[in-house]
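Hi everyone, thanks for making time. I'd like to walk you through a structure that's probably new to most of you, so have a look at it on the screen and then I'll talk.

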Amino acid sequence: MTRGNKGNGIQVRVPDNGRNEKRLLGSMRATVAEIEDETPTHDGERMERDRGASDNRAGAGDRQRVRDGRGPSMMKGAAVLGAAVIVSKLLGTLQKIPLQNLAGDRVFGIYNAVYPFYQLLLAAATAGIPVAVSIVVAEQAAAGGGRAANRTLQISALLLAAAGLAGFALMWAGAAPISRWIGDPVASTAIRASALALWVVPVMAALRGYYQGLGRMLPTAVSQLAEQSVRVAAMLSLLMIGLKLGWTDGALAAGATAGSAAGGIAGLAVLTVLWARERTKDEPGGGLGSRREEGDPSRGRTIRRLLALALPVTLGALALPVLGVVDSFTVPPLLAAGGLSGAEAMAQFGLYSRGQPLVQLVVMIAGAVGGALVHGLVSARAQGDEAASRAQASLAMQGAWWIGSAAACGLVLLAPAMNRMLYADEAASATFALVGMGALAGTVSAIASAVLQGVGSVRAPALYMLAAATLKAALNAALVPAYGISGAAWAGLAALGAAALLGAAAVRRVCAARMPARSLAGLVLALAVMAAALIALERAAYPALLDWLPPRAAATALALGGTGLGAALFLAAGLRFGGVSAREVRALPGGVKLAARLRRLRLLPPGD
């Protein structure tokens with residue numbers, strides 16, 4: 001059977017160990033990246049159902065929890081987890097804005113230079129094992145092996161704790177040389193502060209994988225919300241304390257990165273308390289140290305199984321953080337080599353990073369939309385319906401081009417207003433616009449990767465992103481010395497554009513997905529309408545707003561009003577010009593009712 005997680009795109013093929021296991025398909029689509037892996041079935045890995053009285057007591061609660069995950073309850077749990085993922089990512093993306101507002105561009109630059117190292121080591125330590133845990137626990141719980149599932153949690157927690165401690169040691173010991181490589185020695189304190197999270201986040205990831213394997217989404221959702229909420233609150237609190245006490249820029253950046261550790265402690269505490277209560281009730285005297293029973297897989301076999309499932313997931317998850325590490329290693333040092341001091345270079349890097357939260361937000365939203373379409377593609381393939389699979393792939397890629405193009409157009413035309421709205425001034429607005437153009441490439445690349453992994457092309461998306469990282473490093477070296485942060489933005493556009501084109505070409509080759517000429521023409525016309533309206537709004541309304549409002553308030557009104565107006569006109573023009581047909585609208589989740597409403601509003605062409 002195929003098990004997938006549509007929030008981040010994982011597709012993993014695992015043995016079918018019963019009907020209860022099949023019902024976990026939807027539950028594993030909410031938090032991890034999409035990949036597909038063939039894993040052989042070994043007789044020794046199938047759990048015996050009759051374990052004796054003690055194992056029956058241990059497994060009763062887990063079996064019941066798996067049974068409770070059928071039908072609407074499972075879908076509700078997946079929806080809750082999906083919503084939690086979106087809210088968590090939204091908090092994680094937008095928390096960078098008050099960081100810059102409170103601490104300034106240099107601290108913002110240090111944070112954005114340091115954080116990719118933490119993300120890279122965290123992905124290496126935790127991306128794959130929780131997915132593997134959810135698969136193995138699902139098999140064991142479905143077969144009645146509650147105690148075996150508990151031992152799997154024990155083993156995975158120890159593995160992830162060891163990996164996290166290794167990552168912590170690497171970041172802590174390497175903080176000084178890393179800070180010198182990125183061109184600002186004061187960043188070493190922030191590197192060490194970010195490493196603290198590696199003590200707790202990996203173990204939290206193991207517990208999340210365990211609960212997802214049981215088909216229970218609520219514990220993971222609550223822990224994610226607790227983690228991000230406490231992380232943002234801790235970051236803002238430490239920043240305000242530091243500003244009041246007169247901390248240095250390096251100390252302020254360390255306070256910001258230390259928020260990850262505080263959030264990790266909160267998320268781990270939620271899961272630990274819940275797990276401890278359930279173990280006490282379901283398995284008196286049990287716990288992580290429960291002994292191995294006859295018929296349980298050996299510790300070595302469990303570790304090998306977990307690592308075999310985790311490795312391809314981990315390799316895929318490492319691709320994207322590498323792009324951030326490339327910028328951290330190249331942009332500030334190249335700026336410093338051009339005559340800037342370390343502090344000035346890091347402030348310029350902060351200016352360069354201003355547009356990235358909005359681009360990440362666009363890609364996140366597009367990924368959520370694309371995930372629903374990829375789910376339809378996977379379902380069609382599972383049923384052997386190649387025509388429906390091609391239609392879903394084509395629709396997903398059309399959505400990528402449409403969403404990405406509209407977002408990029410809006411970010412470019414409204415760049416000065418958005419820059420002032422978010423960061424209080426219009427410094428480096430041209431670079432902000434260039435970074436915003438990357439929303440198109442980022443959206444196409446993200447959805448193409450999800451489609452490819454959904455049809456079993458596992459390694460290609462990761463290879464495309466690694467190729468993009470290599471191209472980014474080369475172009476940074478060529479363009480940053482001459483053009484500064486604008487050169488870095490152009491390099492990012494070229495690198496992400498290459499990855500997007502490679503991904504789109506692969507989808508076309510593998511899935512025969514094509515954008516009809518009608519849709520392309522509708523897209524161009526809709527963009528023209530949107531651009532004309534935004535240009536007119538900026539030239540006519542903005543001066544009038546400045547007469548009545550302070551500059552930042554006027555910029556906020558223009559940015560938010562322009563976003564709403566531009567999106568509405570783009571959608572209406574695209575529908576009316578035939579860029580999206582009624583048949584394509586009906587293919588969307590809930591599309592039949594939506595198409596009927598659009599026809600009543602005369603947004604769909606007559607007779608379509």
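Okay, so the protein has 24 helices and two strands. Keep in mind that this is a predicted model. There are 608 residues here, and 54% of them are buried. If you take contacts with a separation of 6 or more, 80% of them are between residues 24 or more positions apart. As for the outside, the protein exposes about 24300 Å², with carbon and sulfur atoms supplying 66% of that.

Let's go inside. Which residues have the most contacts inside the largest nonpolar core? They're Leu-99, Tyr-118, Met-171 and Tyr-210, in a core of 107 residues. The element that gives the most to this core is helix α5, residues 105-126, with 11 residues. Take Leu-99 as an example: leaving aside neighbours within four places in sequence, Leu-99 is in contact with Gly-104, Val-107, Phe-108, Tyr-111, Met-235, Leu-239 and Ala-256. Apart from that core there's another one, of 21 residues, and Leu-377, Ala-400, Leu-452 and Tyr-464 are among them.

Tyr-210 brings me to helix α10, since Tyr-210 is one of the buried residues of that helix. Here 12 of the 13 residues are buried, so α10 is largely enclosed by the rest of the structure. How does its length work out? At 1.5 Å a residue, α10 (residues 201-213) should span 18 Å, and its end C-alpha atoms are 18 Å apart, which agrees. After α10 comes Gly-215, with a positive phi near 80°.

You can do that check on helix α22 too, residues 551-576. Its 26 residues should span 38 Å at 1.5 Å a residue, and the end C-alpha atoms sit 36 Å apart, which agrees. The buried residues of α22 include Ala-554, Leu-558, Gly-562, Gly-566 and Phe-570. Just after α22 there's Gly-578, with a positive phi of about 85°.

Now helix α7, residues 146-173, where I picked two residues. Ser-156 is found in α7, and Ser-156 is buried, with a relative accessible area of 0%. Leaving aside neighbours within four places in sequence, Ser-156 is in contact with Ile-129, Val-133, Ala-206 and Leu-306. Leu-165 also lies in α7, but at 36% relative accessibility Leu-165 counts as partly exposed. Leu-165 joins Trp-172, Leu-196 and Trp-199 in making a nonpolar surface patch of about 390 Å².

On to charges. Side chains of opposite charge can pair when their charged atoms come close. How many salt bridges does a search of the whole structure find? Seven, and I'll show you three of them.

Here's Arg-106 with Asp-184, where the closest N and O atoms are 3.0 Å apart. Arg-106 is in helix α5 and Asp-184 is in the loop between α8 and α9, so the pair ties together parts that are 78 residues apart in sequence. Asp-184 counts as buried, at 2% relative accessibility.

Next, Asp-327 and Lys-472, with the closest N and O atoms 2.5 Å apart. This pair links distant parts of the chain, with Asp-327 in helix α13 and Lys-472 in helix α19, 145 residues apart. Buried or exposed? Asp-327 counts as buried at 8% relative accessibility, and Lys-472 is buried too, at 4%.

Then there's Asp-425 with Arg-354, at 2.7 Å, N to O. Asp-425 lies in the loop between α17 and α18, and Arg-354 in the loop between α14 and α15, so this pair ties together parts 71 residues apart in sequence. Asp-425 counts as partly exposed at 29% relative accessibility, whereas Arg-354 is buried, with just 1%. Both belong to a network of salt bridges that also links Asp-105.

Two last stops. Thr-431 lies in helix α18 and is buried, with a relative accessible area of 4%. Leaving aside neighbours within four places in sequence, Thr-431 is in contact with Tyr-352, Ile-485, Ser-486 and Ala-489. And Gly-338, in the loop between α13 and α14, counts as exposed at 63% relative accessibility. The C-alpha atoms of Gly-338 and Pro-481 are separated by 6.0 Å, though the two residues are 143 residues apart along the chain.

That's my tour, thanks for listening.

Technical notes:
Residues numbered from 1 in each chain as written. Predicted model: local features only at pLDDT ≥ 70, side-chain atom pairs only at ≥ 80, totals over all residues. Heavy atoms only, no water. Patch = residues over 30% accessible without salt bridge, like charges linked within 9 Å, V, L, I, M, F, W, Y side chains within 5 Å. Areas by Shrake-Rupley, 256 points an atom, 1.4 Å probe, with all protein chains shown as cover. Salt bridge = Lys/Arg side-chain N within 4 Å of Asp/Glu carboxyl O. Helix = DSSP H or I, 4+ residues; strand = E, 2+ residues; numbered from the N terminus. Buried < 20%, exposed > 50% of the residue type's maximum accessible area, 1.4 Å probe, protein only. Expected span 1.5 Å × (residues − 1). Core = buried A, V, L, I, M, F, W, Y, C linked by side-chain atoms within 4.5 Å. Contact = heavy atoms within 4.5 Å.
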